[in-house]
There are 2 protein chains.
Amino acid sequence: MDIKTEAEQARLASIKLASTSTEERNRALIAIAGALKEEAASIDAANKADLDAAESSGLATPLLKRLKFDDAKRIDCVDGIESLVSITDPLGVVHKRTELYPGLELTRVACPIGVVGIIFESRPDALVQISTLSLKSGNGCLLKGGSEARHTNRRLFEIISEAASSAGMPDGWIQLLETRDDVSAMLELDEYIDLLIPRGSNEFVRYIMDNTRISVMGHADGICHVYIDKELNIDMALNIVEDSKCQYPAVCNAVETLLVHKDIAKDFLPDMRKRLHMGRGVELRGCERTCAIIECLPAEESDWKEEYLDTILAIKIVDSIEEAITHINRYGSGHTDAIVTSNEKAAEVFLNTVDSADVFWNCSTRFADGFRFGLGAEVGISTSKLHARGPVGLDGMMSYKWQLRGSGQTVAPFADGHMKFTHVEKDL
Amino acid sequence: MDIKTEAEQARLASIKLASTSTEERNRALIAIAGALKEEAASIDAANKADLDAAESSGLATPLLKRLKFDDAKRIDCVDGIESLVSITDPLGVVHKRTELYPGLELTRVACPIGVVGIIFESRPDALVQISTLSLKSGNGCLLKGGSEARHTNRRLFEIISEAASSAGMPDGWIQLLETRDDVSAMLELDEYIDLLIPRGSNEFVRYIMDNTRISVMGHADGICHVYIDKELNIDMALNIVEDSKCQYPAVCNAVETLLVHKDIAKDFLPDMRKRLHMGRGVELRGCERTCAIIECLPAEESDWKEEYLDTILAIKIVDSIEEAITHINRYGSGHTDAIVTSNEKAAEVFLNTVDSADVFWNCSTRFADGFRFGLGAEVGISTSKLHARGPVGLDGMMSYKWQLRGSGQTVAPFADGHMKFTHVEKDL
């Protein structure tokens, strides 16, 4: 079957899926969880095939770890589905109810987006999380996982698809894409696909954004900042910078540039160098004024625009909080930026004026994550200011429609002034 | 000043605008309303220059009417601004407040989108409405109006810009574009502009959508349907079809295709022909089965995809409500579709399964409009399923950000299991 036919099937199924009841979708989720428990052996066999192939092709250990889908990960997935069942159904939630005129009632009702295309990395657990999140929110989905995980993904897809069908979900709501050509073909299918969520490298996400008419949710860069204000607890600042840089340097919410107020630089920078460079092996690249205080490599203009995704930190001394905010709004990627200060007023200026999805005060940038935010599973992090922003959970998978229920009303008498709208807001 | 510099100024001003208080923005709106009252003479003079030029170039009467900005329209604008002042400030509204851990509180807060580029038709009142809606919602705006209205637009822009500045708003939040080249240049400025709202012909909107990386809110086509179910009040159906087609045929929410259940076709179609064709001069284009019942032109496949924007109506007989819904989801533009039926169950199936921004039961498609919906002024109608859908008012001009206020927390102890998130939802 070609990708266009698959997308068409997903679209038709998504329309049926949108009018299934909460109970029906939850029953299907329970069936999927059950099937994942029963099919442990066949999942293991599929995963072994992927792991063997990966090992013999010399895949690096961290990637092998991500690829592994063992009992512990399977049980985590089942737990995740069970907690998804207990979450309030987002479908059909009424946001607004207005009487336009007696007998003419308008409601704004939550509905699924439709068909979502998601391209994700090599973790097979991502397939389970994303597909069940789609099902709960009533969306059809086209999934493309990492090719290293193809046997595991295929097996998981079959289990999920069959369990959902046998529980009465419309056939075709979930589709598995298996080649790169499928991804290119998907970009053309704006007639069938409403949203793309690419997860992966900057270049990949930017390629997707530049080559499709379909809306794209996600982020290309994660150039995050921590700003060290002049009034602060230095120990707290050191902990936050260390965690933001070192707890997991390869991810989008790790700090890349440190901004330091000039009045605190002499006190803070030597301790920071001790902790990050000497303690954790972080390479420091400082502006001229930084290099005058501590030993480090000189930073260039390009350093302010770079997402290292590595144990490298750019450092710049600023004259004021305003200069820090201007720097962040100019060079940042609108992802996550933090201030460390004991001055509440300064913190509020920062939180309100930095134009980023996540703005933090006195805590690590690494908290920018759907699970940590309490959103449940996360489909991605968006740096767009339209639709969902920041970590995206179930909410970001929803659209809405306007339903108007009348009793024969026409516009003409309102247009010529014989009738007047009442516009009474009603209880939900 | 070139458009890039203007956009850059708007971006810088928008960041300041985002942290102005409700009182400050309302004071500026009141100043603008006052200036519009005082400047009646200079506005009249500018409008006269446009009207004279338009008349001598032979502009059609309906367009001249739209171009005219007389005392009545000016007073309407002032009234609109005054009602905008009284609307609850959308900025800073907290949607969600979660304790992630004692001393670590997350809030999701409404904030402006940033800088919005709006291209609108020849009515000068649109400039006043859009710019004041932008100001209320804290957004910078780049405005391009119809060139026929250039003197009036320039005068209105000067009045609004000066009144806002003198009331303390940051200079540059509003910018006026005056040439077509400016529009082309604007499409490249994704670094400064967050959203484009083009209003105009299908071709124009589609051109914008296809030629920019900036998000576009709006609609290209408005192929709206009325479906006449088998159980219904025929008089009501005739009124609704007549209003949907004839009350204002040149607009996006007028009906283009009529779908009729086969069981009612023989009763309904002859009366419909009498009312619409003989009574109102509507050209009817029917499917084969329609042509067997009433005298009309034969419809072709292309008729189901056409937005006539004229007194032409395509008619198709369908075997079931399911066929009607499938036709609408296939050929429609996701704008506005209505069912006429006395069967509530059929109505609910239609309202839930038709995948359009506006789905109506027993009323005219012409109700699809921000003012009629009670949203206040409208910046446009969106057929996208992301962000705002259907008529877009103040709500659609808002984004949100996540603010996290901590007391030194780092991720490491949560990642290694020493600390556990509490995720307590708090009152707003």
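Start by selecting residues 140–144 of chain B, which form strand β4, and then add strand β5: the two pair in the parallel sense over 4 bridges. Keep in mind as you click around that this is a predicted model. To see one of the pairings up close, pick B:C141, whose bridge partner in β5(B) is B:I174.

Stay with β5 for a moment and show the side chains of residues 174–177 of chain B. Are the two faces of this strand covered or open? Covered: B:I174 and B:L176 are buried on one side, and B:Q175 and B:L177 are buried on the other.

**Next stop: two helices in chain B**

Select residues 71–86 of chain B for helix α5, and residues 124–136 of chain B for helix α6. Their axes come within 10 Å and cross at roughly 10 degrees. An angle under 35 degrees counts as roughly parallel, and so α5(B) and α6(B) are roughly parallel to each other.

Now colour the residues where they meet. On the α5(B) side, pick B:K73, B:D76, B:C77, B:G80, B:I81 and B:L84; on the α6(B) side, pick B:D125, B:V128, B:Q129, B:T132 and B:K136. This contact is a mixed bag, with 4 nonpolar, 3 polar and 4 charged residues.

**A hairpin to trace**

Move on to β1(B) and β2(B), which pair in the antiparallel sense over 6 bridges. Find B:Y101 and look across to β2(B), where B:L104 stands opposite. The hairpin has 2 residues between the strands, and one residue worth clicking here is B:G103, which takes a positive phi near 85 degrees.

β1(B) has another partner to look for: strand β18, residues 424–425 of chain B, pairs with β1(B) in the antiparallel sense over 2 bridges. For a landmark, select B:T98 and its bridge partner B:E425 in β18(B).

**Where the chains touch**

Bring both chains into view. How many residues of chain B are in contact with chain A? There are 59, and they meet 59 residues of chain A. Several elements of chain B supply at least two residues each to this side, including β1 (94–101), β2 (104–112), α10 (234–246) and β14 (358–363). Which element gives the most? That's β17(B), with 11 residues. Colour this side of chain B by residue type and you'll get 25 nonpolar, 24 polar and 10 charged residues.

There is strand pairing across the chains, too. Select residues 398–409 of chain A, strand β17, along with β14(B): 5 bridges join them, and they run parallel. A good pair to label is A:Q403 and its bridge partner in β14(B), B:V359.

**Last stop: chain A as a whole**

Hide chain B and zoom out. Chain A has 15 helices and 18 strands, and its C-alpha atoms fill a box of roughly 75 × 70 × 35 Å along the principal axes. Of its 428 residues, 53% are buried.

Try two colours for the domains of chain A: 3–217 plus 379–401 for domain 1, and 224–367 for domain 2. Notice that domain 1 takes in two separate stretches of the chain. The centres of the two domains are 35 Å apart, taken over C-alpha atoms. Where they touch, 6 residues of domain 1 are in contact with 7 residues of domain 2. On the domain 1 side, those residues divide into 1 nonpolar, 4 polar and 1 charged.

Conventions. Residues numbered from 1 in each chain as written. Chains lettered and ligands numbered in written order. Predicted model: local features only at pLDDT ≥ 70, side-chain atom pairs only at ≥ 80, totals over all residues. Axes fitted to C-alpha atoms, helices over the stretch in contact; angles between N-to-C directions. Parallel < 35°, antiparallel > 145°, perpendicular 65-115°, else oblique. Contact = placed C-beta atoms within 7 Å. Nonpolar A, V, L, I, M, F, W, Y, C, P; charged D, E, K, R; others polar. Buried ≥ 20, exposed ≤ 12 C-beta atoms within 10 Å, placed from the backbone. Domains from an automatic or database assignment. Pairing = 2+ DSSP bridges.
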